[in-house]
Amino acid sequence: MPHQVIRPSVLYVGTPVMLLGSVNPNGTANLAPASSYWALGQMLVIGLEAGGQTIANVSERGEITVNFPGPELWEAIERIADTTGAHPVPKAKMARYRHVADKFALAGLTAEPADLVAPPLVRECKLQLEAKVLRITDGLEDYHLVEAEVVRVHADPAIVAPGTQHIDPRAWEPTIYSFRHYFGIGQEHGHRPTSDTAGENALVRE
């Protein structure tokens with residue numbers, strides 16, 4: 001069968017869900033889920049929706065935490081998916097979003113202090129990044145691109161390869177957001193020759 005020509009409403013083919021911590025103008029914490037993300041070395045590029053409290057906070061303060069929840073937290077993610085810290089709710093968001101001041105409480109998650117930035121970390125997330133914003137590119141339709149440098153990484157010991165500084169990908173499972181559905185990751189199919197953790201357990205292709 002030949003491929004079909006289609007125009008999906010979204011192109012979320014499968015990226016990790018993040019919970020982004022930022023600080024509101026009144027000093028309280030804001031928490032927002034996002035999934036538009038990629039990394040180069042210690043640099044992150046994050047896509048944020050225009051008109052939200054997160055983009056306002058990172059534009060003002062230049063700091064953010066990026067917390068990666070496991071699939072078991074998908075319901076916590078969903079509880080705050082259609083909420084905003086902005087008050088009043090921006091006109092463009094009124095049809096779908098409602099204002100929530102304490103999104104940590106609504107999600108049932110726990111804020112804990114970061115080491116080098118003001119926004120909090122999410123205790124329940126096994127992988128947490130502290131980052132400082134270097135540049136924001138505005139005006140990409142309804143989105144902004146945030147470029148940030150990671151200044152500290154926190155990892156649950158259970159997902160760190162023993163005796164190393166490396167995340168063990170066989171022990172770590174992010175939440176994958178694919179076409180508005182939440183997934184974990186399944187069986188390993190292979191790895192790059194440059195893998196830091198393949199070792200003696202590397203898969204052998206016959």
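## The sheet

Seven strands make up an open sheet in this predicted model, ordered β3-β2-β6-β11-β12-β5-β4 with antiparallel pairing. Strands here are DSSP runs of E with at least two residues, helices are runs of H or I with at least four, and both are numbered from the N terminus. Two strands pair if DSSP finds at least two bridges between them. At the edges sit β3 (29-34) and β4 (37-40), each pairing on one side only. From one strand to the next, the twist averages 30°.

Inside the sheet, β11 (residues 127-140) runs antiparallel to β12, and 11 bridges join them. One of the bridge partners is easy to look up: L129 is matched with V153 in β12.

## The helix across it

Helix α1 lies across β2 (18-23), β3, β5 (43-49), β6 (63-68), β11 and β12. It runs at about 50° to β2 (axes are lines fitted to C-alpha atoms, for helices over the stretch in contact, with angles from 0 to 180 degrees between N-to-C directions). Contact means heavy atoms within 4.5 Å.

The helix covers residues 53-61, and its buried residues are Q53, T54, I55, N57 and V58. Buried means under 20% relative accessible area, exposed over 50%, and partly exposed in between, using a 1.4 Å probe and protein chains only. Just after α1, G62 takes a positive phi of about 75°.

## A look at V150

V150 is a good residue to find in strand β12 (residues 143-155). With 10% relative accessibility, V150 counts as buried. Beyond its neighbours within four places in sequence, V150 touches Q42, L44, L129, E130 and A131.

## Salt bridges

There are 5 salt bridges in the structure, each a side-chain nitrogen of Lys or Arg within 4 Å of a carboxyl oxygen of Asp or Glu. One of them joins E49 and K93 at 3.8 Å, N to O. E49 lies in β5 and K93 in the loop between β7 (83-84) and β8 (98-99), so the pair ties together parts 44 residues apart in sequence. E49 is partly exposed at 33%, while K93 counts as buried at 9%.

Another salt bridge links D115 and R152, with the closest N and O atoms 3.2 Å apart. D115 sits in the loop between β9 (111-112) and β10 (121-122), and R152 in β12, 37 residues apart.

## Reading the numbers

Residues are numbered from 1 along each chain as its sequence is written, and side-chain values use heavy atoms, leaving out hydrogens and water. Local features need pLDDT of at least 70 and side-chain atom pairs count only at pLDDT 80 or more, while totals for chains, interfaces and linings use all residues.
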